[in-house]
Amino acid sequence: MRSFLVFRLGPEEFAADINSVVEIFKSQKTHEVPESKDYIVGVISIRGQVVALVDLRKRFGLEPSPNKERTVLVKTNTEPLALIVDEVIEILDLEDEEISRPPAIFKGLSSEYLEGLGQKEDRVMVILDLDRVVSAEETLRLDIAGNAAQQTE
């Protein structure tokens with residue numbers, strides 16, 4: 001059995017392995033990163049650490065619904081990321097048989113971002129591979145921008 005943080009992006013439910021989730025909070029002051037992709041909002045400072053802020057709605061081409069917007073701080077293999085989501089729903093346990101491999105293309109999302117699909121009763125959620133949400137090139141650019149932002153604080 002694995003536990004997942006389930007959250008909403010637009011009309012869809014997504015999930016991330018709970019072991020990758022550090023904390024959930026409301027938005028903070030953001031420092032922009034020039035010439036970054038539109039879904040990279042900038043960088044934020046969390047307890048002295050500069051972290052890239054990624055709007056997952058923009059990353060996946062979904063319309064935002066900011067009524068209950070939250071930021072989820074996650075750890076990846078390379079560095080922590082702060083992810084903007086529309087709403088945090090719950091922590092959900094899934095058995096191995098409730099997790100399946102993703103199809104080649106699922107609702108317009110490239111399968112490279114997906115770890116799988118979770119199914120609990122009549123619900124289906126996209127399980128994200130957080131290590132692939134931001135490319136290596138973008139991570140390097142964010143690291144450089146983060147260092148510059150940290151020096152100006």
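## Two open sheets in a predicted model

Within the predicted model, residue I46 has Q49 of β5 as its bridge partner. In this model, residues are numbered from 1 along each chain as its sequence is written, and side-chain values use heavy atoms, with hydrogens and water left out. Because the model is predicted, local features need pLDDT of at least 70 and side-chain atom pairs count only at pLDDT 80 or more, whereas totals for chains, interfaces and linings use all residues. The strands named here are DSSP runs (E, at least two residues), numbered from the N terminus, and two strands are said to pair if DSSP finds at least two bridges between them.

**The five-stranded sheet**

The strands β4 and β5 run antiparallel and are joined by six bridges. Their hairpin has two residues between the strands, and R47 takes a positive phi near 50° in it. Both strands belong to an open sheet of five strands, ordered β3-β6-β7-β5-β4, in which the pairing is mixed. β3 (21-25) and β4 (40-46) stand at the edges with a single partner strand each, so one side of each is left without a neighbour in the sheet. From one strand to the next the twist averages 25°, where axes are lines fitted to C-alpha atoms and angles run from 0 to 180 degrees between N-to-C directions.

Strands of a sheet pair through backbone hydrogen bonds, either parallel or antiparallel. Here, β5 and β7 pair in the parallel sense over four bridges, with L53 standing opposite A82 in β7. Strand β6 (residues 70-75) and strand β7 (residues 80-85), by contrast, pair in the antiparallel sense over six bridges, and these two strands form a hairpin with four residues between them. On the other side of this hairpin, β3 and β6 pair in the antiparallel sense over four bridges.

The table lists bridge partners in this sheet.

| Residue | Opposite residue | Strand of the opposite residue |
|---|---|---|
| E23 | L73 | β6 |
| T71 | I84 | β7 |
| V74 | L81 | β7 |

**Burial in β5**

Five of the seven residues of β5 are buried (under 20% relative accessible area, with a 1.4 Å probe and protein chains only), so this strand is largely enclosed by the rest of the structure. D55 lies in strand β5 (residues 49-55) and, at 5% relative accessibility, counts as buried. Leaving aside residues up to four places away in sequence, D55 touches Y39, V41 and I84, a contact being heavy atoms within 4.5 Å. I84 is also the bridge partner of T71.

**The loop before β3**

N19 is found in the loop between β2 (12-17) and β3. With a relative accessible area of 59%, N19 is exposed, the cut-off for that term being over 50%. The C-alpha atoms of N19 and F4 are separated by 8.0 Å, although these residues are 15 residues apart along the chain.

**The six-stranded sheet**

A further open sheet has six strands in the order β8-β1-β2-β13-β12-β9, again with mixed pairing. β8 (87-94) and β9 (99-100) stand at its edges, each with a single partner strand, so one side of each is left without a neighbour in the sheet. At one of these edges, β9 and strand β12 (residues 114-120) pair in the antiparallel sense over two bridges, and I99 stands opposite G118 in β12.
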